[in-house]
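Subject: Structure handover and findings

Hello,

Here is the structure I said I would pass on. Please keep it open while you read the notes below it.

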Amino acid sequence: MILHIYRMLLIHIFNIFSGMHFFGIKRFIFNMIPGMSAGNRTRIVGPIWAGSVSQIIIGDDSFVNRQFSVEGNGKINIGNNVDIAPGVRILTGGHEIGETAHRAGEGVSYSINICDGCWIGAYSIILGNTTIYKGCIVGAGTIVKNDAPANTLIVGKAGSVKKELALYD
């Protein structure tokens, strides 16, 4: 309970510095939050909501825009050079299907992996046990519920592959 209060207090302090300034201070505070880590030169705009998620690891040189929201008790790994647009939601928890009297059965935790070089569009939703592989673009408002192959453009409510992207070195 004390750890949860400490965590929520640090998130509140982090959110005081919301906006396009103080990235070094915000990264320092973010790295103080138990289970959270942001790499070198990573910029987090804030505000963020992290609920009870157990882990958020963000690599180097990534950018997380405002209103980034995570729900559930799972783990999130975000690679290097990832850009996350405003309003992105990641859901790392859910429920098994229960009996008729109570359909939301036993709670489950999931992991989310967003690999290097991805760009996640505004107001996208990423659902549990999903990997978005290297170099993907997730279009604005897309619901990602399956793994996204490397170097693809994912768009729409079904989160389907629309095309493969060219490789650049």
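The notes below go through strands and sheets first, then helices and surface, then contacts between side chains, then backbone geometry. Please bear in mind that this is a predicted model.

Strands and sheets

One open sheet has five strands in the order 3-6-9-14-17, with parallel pairing. Its edge strands are strand 3 (48-49) and strand 17 (143-144), each of which pairs on one side only. Strand 17 is joined to strand 14 (residues 125-126) in the parallel sense over two bridges. Within that pairing, Ile 125 stands opposite Ile 143.

Strand 4 pairs with strand 1 and with strand 7. The pairing with strand 1 is parallel and runs over three bridges; here Ser 37 has Ile 57 of strand 4 as its bridge partner. The pairing with strand 7 (residues 75-78) is also parallel, over four bridges, and Ile 58 is matched there with Ile 78.

In a regular strand, side chains alternate between the two faces of the sheet. Strand 4 has Ile 56 and Ile 58 on a covered face, and Gln 55 and Ile 57 on an uncovered one. Strand 18 (residues 152-155) alternates as well: Thr 152 and Ile 154 point to one face and are buried, while Leu 153 and Val 155 point to the other and are not.

Which strand pairs with strand 18 over two bridges? Strand 16 (residues 137-138) does, in the parallel sense. Ile 154 of strand 18 is the bridge partner of Val 138.

Thr 152, also in strand 18, has a relative accessible area of 3%. Because the cut-off for buried is under 20%, Thr 152 counts as buried. Its side chain reaches the backbone oxygen of Pro 149 at 2.7 Å.

Helices and surface

A nonpolar patch on the surface is formed by Leu 3, Tyr 6, Phe 28 and Met 32, which together have about 410 Å² of accessible area. Helix 1 (2-16) and helix 2 (23-32) each supply at least two residues of this patch. Met 32 sits in helix 2 and is partly exposed, at 35% relative accessibility.

Aromatic pairs

The count of aromatic pairs comes to two. In one of them, the ring centres of Phe 17 and Phe 22 are 5.7 Å apart and the planes are at 70°, so the pair is edge-to-face. Phe 17 is partly exposed, with a relative accessible area of 25%.

Salt bridges

How many salt bridges does the count come to? The count comes to two.

One joins the side chains of Asp 61 and Arg 41, at 2.7 Å from N to O. Asp 61 lies in the loop between strand 4 (55-58) and strand 5 (63-64), and Arg 41 in the loop between strand 1 (36-38) and strand 2 (43-44), so this pair ties together parts that are 20 residues apart in sequence. Asp 61 is partly exposed, at 32% relative accessibility.

Another salt bridge is formed by Arg 89 and Glu 71, whose closest N and O atoms are 3.7 Å apart. Arg 89 belongs to strand 9 (residues 89-91) and Glu 71 to strand 6 (residues 68-71), so the pair ties together parts that are 18 residues apart in sequence. Arg 89 is partly exposed, with a relative accessible area of 37%. Glu 71 is partly exposed too, at 29% relative accessibility.

Backbone geometry

Where in the chain is the peptide bond that is cis? The bond runs from Gly 46 to Pro 47, with omega near 5°. Pro 47 is in the loop between strand 2 and strand 3.

Two residues other than glycine with positive phi are worth listing:

- Asp 61, the salt-bridge partner of Arg 41, has phi near 60°.
- Asn 129 has phi near 55°. Its place is in the loop between strand 14 and strand 15 (130-132), and it is exposed, with a relative accessible area of 52%.

Regards

Notes:
Residues are numbered from 1 along each chain as its sequence is written. This is a predicted model: local features need pLDDT of at least 70, side-chain atom pairs count only at pLDDT 80 or more; totals for chains, interfaces and linings use all residues. Side-chain values use heavy atoms; hydrogens and water are left out. Rings of Phe, Tyr and Trp (its six-membered ring) pair if their centres lie within 6.5 Å; planes under 30 degrees apart count as stacked, over 60 as edge-to-face and the rest as tilted. Buried means under 20% relative accessible area, exposed over 50%, partly exposed in between (1.4 Å probe, protein chains only). Two strands pair if DSSP finds at least two bridges between them. Patches are made of residues with over 30% relative accessible area and no salt bridge: like charges are joined within 9 Å, nonpolar side chains (Val, Leu, Ile, Met, Phe, Trp, Tyr) within 5 Å. Accessible areas come from the Shrake-Rupley method with a 1.4 Å probe; for residues, only the protein chains shown count as cover. A salt bridge is a side-chain nitrogen of Lys or Arg within 4 Å of a carboxyl oxygen of Asp or Glu. A polar contact is a pair of N or O atoms within 3.5 Å; within protein, one must be able to donate a hydrogen and the other to accept it, and residues adjacent in sequence count only if both atoms are side-chain atoms.
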